[in-house]
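Here's a quick tour of one chain, starting with a helix and working outwards. Have a look at the fold first, then read on.

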Amino acid sequence: MLKIYKLETNNSKRKFYDIFFITTFILILLIGLIGPRFFKIDSPTFNFSLVNKNFGKASIAVNKLEKFKTNKNYLSSDQINNKNIVLEWSKKTLYNVENDLPIARMYFSHVPKNINEFQTQTKKNVFLSILLPIVLRGNELVLEERNVMKAAFSSKNIYKIEHLAKKYKVKDFKNINFSNITTTNLSKINKELSIKINKIPISMILAQAIIESGWGTSRFAQEGNALFGEWTWKINVGIKPKGNLDGNFAVKNFKNLLESLNSYILNLNSHPAYSEMRKFRALKYKMGKKITGYETANFLNKYAEIGFEYVIKIEDMIKSNRLYKFKKAKLEHF
């Protein structure tokens, strides 16, 4: 009887523990499922971009702009013209450059209308921080096209080769019969495109944008996103200079700043006026040496009517604003 009694007692204890365990487990499960809603507890989220430094509420607003990934990574007009957000954007971008950190893939479609309201040095910092990600993306696109070019010749994709030859104004393009092209002609085109399709030094791009747009304050930059003062002779296209409304030319206007930059890069990489610049660049790369904006600027005497005086202006702009410090800047990975 004693054994039976102990057995019954043990069974009772096991049933008690089983019921207790099951009940506790169910309660924990229910709390996990309904707790956040019932008690209004937010699920934990981690924004690692804020770990390095807290830039305040305006910066947080910039960091949370995930929607740009579905909107070509462009900030909205409201954000662009919000001085607090722009200022925090500038601080964060320049902080990342100084600390060798990647820059966010978020772009300004246009220069803020109120950029002149900033103090001089702040305005300069804002303009550089706006332009830098766009410059990096522009050079990135050129290198991507360079890889496309190499692949086209490797696979003998004549259609793609013809497209690039036209885009980069290959010598005697109109006289080339691409439907029955010879190996010799393909080799010549390959050599010419290899010299033409390449990136432009960052410091030189920034210096020219500053000079041509007046730190983003010029009428052409404000009204037409024209950062580099490119001309067009097409009728009813572009923005006419106020002092020469009857002239047969206008300054090119663009949908956004990146479009302006891409046009500028293509101009330097294709126009006959800059052939010596491209040869110099190709030679430096062939020798395994780095190319700087300061020395490349020596070949831009035909960019403006003032000739070599323009070269000196670019070089002075690079030195006085230490634009060479941006040469190692990089965008974050996709």
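Start with α13, whose 13 residues should span 18 Å at 1.5 Å a residue, and whose end C-alpha atoms are indeed 18 Å apart. That expected span is 1.5 Å times one less than the number of residues. Helices here are DSSP runs of H or I with at least four residues, strands are E runs of at least two, and both are numbered from the N terminus.

A word on the ground rules: this is a predicted model, so local features need pLDDT of at least 70, side-chain atom pairs count only at pLDDT 80 or more, and totals for chains, interfaces and linings use all residues. Residues are numbered from 1 along each chain as its sequence is written, and side-chain values use heavy atoms, with hydrogens and water left out.

**The two sides of α13**

Which residues of α13 are buried? They are Tyr310, Val311, Ile314, Glu315, Met317 and Ile318. They sit on the same side of α13, because they cover an arc of only 160° around the axis; the arc is that of the directions from the helix axis to the C-beta atoms. An α-helix has 3.6 residues a turn, so residues three or four places apart point the same way. On the face turned away from the buried side, α13 carries the exposed Phe308, Glu309 and Ser320. For the cut-offs, buried is under 20% relative accessible area, exposed is over 50%, and partly exposed is in between (1.4 Å probe, protein chains only).

The buried residues of α13 pack against α8 (202–213) and α12 (293–296). Ser203 belongs to helix α8 and is buried, at 8% relative accessible area. Its contacts (heavy atoms within 4.5 Å), leaving aside neighbours within four places in sequence, are Gly293, Tyr294, Ile318, Leu323 and Tyr324. The side chain of Ser203 also reaches the backbone nitrogen of Gly293 at 3.5 Å.

**Two positive phi values**

Most residues other than glycine have a negative phi. Here are two residues that go the other way.

| Residue | Phi | Place | Relative accessible area |
|---|---|---|---|
| Asp172 | near 55° | loop between α6 (158–167) and α7 (183–196) | 48%, partly exposed |
| Arg322 | about 50° | segment after α13 (308–320) | 44%, partly exposed |

Phe173 also lies in the loop between α6 and α7. Leaving aside its neighbours within four places in sequence, Phe173 is in contact with Glu162, Ala165, Lys166 and Phe178. The C-alpha atoms of Phe173 and Ile189 are 9.4 Å apart, with their positions 16 residues apart along the chain.

**The core and the whole chain**

Ile189 and Tyr264 touch the most other members of the largest nonpolar core, which has 72 residues. Such a core is a set of buried Ala, Val, Leu, Ile, Met, Phe, Trp, Tyr and Cys residues joined through side-chain atoms within 4.5 Å. The elements giving two or more residues to this core are α4 (83–98), α5 (120–155), α6, α7, α8, α10 (257–270) and α13. The largest share, 13 residues, comes from α5. Beyond its neighbours within four places in sequence, Ile189 is in contact with Phe153, Ile161, Ala165, Val170, Ile176, Phe178 and Ile181.

Zooming out, the chain has 13 helices and two strands, and 42% of its 334 residues count as buried. Of the contacts with a separation of 6 or more, 65% are between residues 24 or more positions apart.

Technical notes:
A polar contact is a pair of N or O atoms within 3.5 Å; within protein, one must be able to donate a hydrogen and the other to accept it, and residues adjacent in sequence count only if both atoms are side-chain atoms.
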